[in-house]
Protein chains: 2
Amino acid sequence: MAERSLIFGADEYRGRIRRLQTEMAETGLAALLLTTPADVFYATGFLTRFWESPTRPWFVVVPEAGEPVAVIPAIGAELMARTWIGDIRTWNAPDPADDGVTLLVDVICSLSRSQARIGVPMGSETHLRMPMADFARVAERIVPRSFVDATAEVRRVREIKSEAEIDKLRTVCEIADRAFARVPEFAQAGRALESVFRDFQIALLEEGADWVGYLAGGAGRQGYADVISPASPEPLTTDDVLMLDTGAVRDGYFCDFDRNFAIGPVTDAIRKTQDALWLTTEAALETLRPGMRASDVHAFMTADLLRRGVQPARGRLGHGLGISLTEWPSFSPLDDTVLRQNMVLTLEPSAEVVPGRFLVHEEDIVLRANGPELLSARAPQILPRIGG
Amino acid sequence: MAERSLIFGADEYRGRIRRLQTEMAETGLAALLLTTPADVFYATGFLTRFWESPTRPWFVVVPEAGEPVAVIPAIGAELMARTWIGDIRTWNAPDPADDGVTLLVDVICSLSRSQARIGVPMGSETHLRMPMADFARVAERIVPRSFVDATAEVRRVREIKSEAEIDKLRTVCEIADRAFARVPEFAQAGRALESVFRDFQIALLEEGADWVGYLAGGAGRQGYADVISPASPEPLTTDDVLMLDTGAVRDGYFCDFDRNFAIGPVTDAIRKTQDALWLTTEAALETLRPGMRASDVHAFMTADLLRRGVQPARGRLGHGLGISLTEWPSFSPLDDTVLRQNMVLTLEPSAEVVPGRFLVHEEDIVLRANGPELLSARAPQILPRIGG
């Protein structure tokens, strides 16, 4: 296990750092401080499930020129040394008195002149994965340097996927495609939803997922009441429409799409909603182009659903996808992001079947110059029926 | 799926809130702002894997008296309504212009007098799961109220597990026990470590895990170089000692322990280290009592390992466990936490076999008045051998 990181070659990461540095130069950032699993993985290739432990903070500092510096707990030194990162500073964490603060201050100060502005993602869809009190200590000790928001810089780079990333995303979507194809093997009437959830996770692993980062779902005669619930012990019935939505992970890349199944005969309202959602997705697949705004896509899908006589659900109708289950932008009226080529996105139209009950479709795409290329295998137009 | 949260009855959560409010009263906090998956689950029972999406912030405000208020994205309203929480305020997230800020400010201000101190966990092993820029906006708008660190208050309550929680932790440990017992079915020489990882996750699911939140491991002739790596595609050999370490989840509660397996004959150094780690764990199981400090446990285990002629690994030798994979305290020289009855902890002695190669043992316990009660089934004294 002494091999270097196997996810991508160093050139992939060098390109990312170069693009980050281009953004940083435009806004005058002398360095960038990254703390989250996604941002650290993006810059370094450091991939571990150890982020599940909230105990230790991890830092990567990207200077305005040159290679990033990893400032990390000693427990991660061995794994980080297998990535392309050459400069790795460690401390023996957790240290309640100084959990990397001094080391991080030293690195930031050595990489930037004294009046420098240091970027940290502070805006929408970000958080700082370190104790707030420690961040305040770092901020105090780097004065007259100051921390400023770098959400836009990170976002503009991460939003555009390289072909190597798109290959990874296609691979994980294919894994989920194969697992979804096996749902009829284990989702019959009488089986508890929690058993179906377990079997679906097993199918994802068997089909090649490294792990299953996300799974939600629901079931009901007229759709489901929410889309983020864990499984209930209740059995499926022949009345149910079942939805499973997964974010499986392979090589650190997520898929995020769902599939719906009729356990028995479906209602007219379900049939009508299914048809509308499928056709609206079809229309979106024909319509999306670089240059449109995220809010345009929301407006287009909403109008298309209304035209087909169904009521769009409140909330966004799709979003970015990559090394997190969800990324910027959002297909919502509030997001004016201009779509760019090689953004990877989900199309997620959702409509109310009866008051309080919904049907949700979702596909994963990469936006090319001439429109969307599907990463997930297109869902069937007719709701697949499992039961007899 | 209209049932209320099934994890615990409302009394369990009411007890937690009462204990938090007792701590808050002692330090004069008028309210507590919680933002992380663990803290929100702890206060409300709101259990979802949707935290995997970094897009939306979620807030729970615990007032100095009375019940908590959930301030959450509309997408979570249905699920939160199935918990014991009665006061749920929602907004249509994500909203880049105001992602819950105004709603949260209103709730904090309505629940506290104008000079109040509002607690937020800001210290060791915590982070704030919301955009930093939004937190700054909230802080500005609640003036003359101010945010202060509430790590100690939350920690003192969460560290002590109720009997209902201990039952959940025992259940998930038993699930992992059964999955570890099946490792010989799929961990033979010639199999890729990544296939073993997949099969082990499948075994955990089959044995009753809701999901597998964490899995790491390693393999090598003289132990492994690190303990946080994802799987490699390299095949196991008859020379290897294999270690698997899991944080499986059932009803929101984690186990965290590992097991070691000899794929073939082992070296004398492995045998000696195995023996020392097992006996040191045995000695710790006999020695730990409420009233000892976490640093005492580290000192005791270190001395015991040295006495047995092996070199303890750098870093902590165990930690808290519960609704996160790792929780306070740490068995490290730097942690002076006094151990209390009904803390759930891991004993994790680790020693160097040869330079740069380690063997790690781990057991999960609950600390009772008269000493540790095992939650994991005790590992065998002799390294179990899989190969012929």
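## Two chains and their salt bridges

Between chain A and chain B, 30 residue pairs are in polar contact, both partners being at pLDDT 80 or more. A polar contact here is a pair of N or O atoms within 3.5 Å; within protein, one must be able to donate a hydrogen and the other to accept it, and residues adjacent in sequence count only if both atoms are side-chain atoms. The model is predicted: local features need pLDDT of at least 70, side-chain atom pairs count only at pLDDT 80 or more, and totals for chains, interfaces and linings use all residues. Residues are numbered from 1 along each chain as its sequence is written, chains are lettered from A and ligands numbered from 1 in the order in which they are written, and side-chain values use heavy atoms, with hydrogens and water left out.

Start with the side of chain A that touches chain B. Four elements of chain A, α3 (77–80), α5 (132–141), α9 (193–206) and β7 (211–220), each supply at least two residues to that side. These labels follow DSSP runs, numbered from the N terminus: helices are H or I of at least four residues, strands are E of at least two. The largest share comes from β7(A), with seven residues. By class, this side of chain A holds 38 nonpolar, 21 polar and 18 charged residues. Nonpolar covers Ala, Val, Leu, Ile, Met, Phe, Trp, Tyr, Cys and Pro; charged covers Asp, Glu, Lys and Arg; the others, Gly among them, are polar.

Each chain brings 77 residues to the contact, where contact means heavy atoms within 4.5 Å. The size of an interface is often given as the accessible area lost when the parts come together. Here the area buried between chain A and chain B is about 6300 Å², and carbon and sulfur atoms give 58% of it. That area is the accessible area (1.4 Å probe) that two parts lose on being put together, summed over both.

Charge pairs cross the interface too. Four salt bridges are found between chain A and chain B. The rule asks for a side-chain nitrogen of Lys or Arg within 4 Å of a carboxyl oxygen of Asp or Glu. Arg82(A) makes one with Asp226(B), with the closest N and O atoms 3.1 Å apart.

Now widen the view. Over all chains, the whole structure has 62 salt bridges. In chain A, Asp251(A) pairs with Lys168(A) at 2.7 Å, N to O. Asp251(A) sits in the loop between β8 (241–250) and β9 (253–254), Lys168(A) in helix α7 (residues 163–181), and the two are 83 residues apart. Both Asp251(A) and Lys168(A) are buried. Buried means under 20% relative accessible area, exposed over 50%, and partly exposed in between (1.4 Å probe, protein chains only).

Helix α7 recurs in chain B. Glu163(B) bridges to Arg368(B), the closest N and O atoms being 2.7 Å apart. Glu163(B) lies in helix α7 (residues 163–181) and Arg368(B) in strand β17 (residues 363–368), so the bridge ties together parts 205 residues apart in sequence. Glu163(B) is partly exposed, at 40% relative accessibility. Arg368(B) is buried, at 16%. A further bridge joins Glu207(B) and Arg178(B) at 3.0 Å, N to O. Glu207(B) is in the loop between α9 (193–206) and β7 (211–220) of chain B, while Arg178(B) is in helix α7, 29 residues apart. Glu207(B) is buried at 19%, and Arg178(B) is partly exposed at 38%.

Back in chain A, a network of salt bridges links Glu163(A), Asp167(A), Arg170(A), Arg368(A) and Glu373(A). Phe180(A) also belongs to helix α7 of chain A. Its relative accessibility is 4%, so Phe180(A) counts as buried. Leaving out residues up to four places away in sequence, Phe180(A) touches seven named partners, among them Phe200(A), Leu244(A), Phe257(A) and Phe261(A). Phe180(A) and Asn260(A) are 80 residues apart along the chain, with C-alpha atoms separated by 9.4 Å.Two annotated stretches complete the tour. In an unreviewed entry, UniProt lists "domain: Creatinase N-terminal" for residues 16–160 of chain A. UniProt positions are in the numbering used here, feature names are shortened, and annotations may be inferred rather than shown by experiment. Residues 16–160 of chain A are 37% helix and 19% strand, with end C-alpha atoms 10 Å apart. The UniProt annotation "domain: Peptidase M24", also from an unreviewed entry, covers residues 168–367 of chain A.
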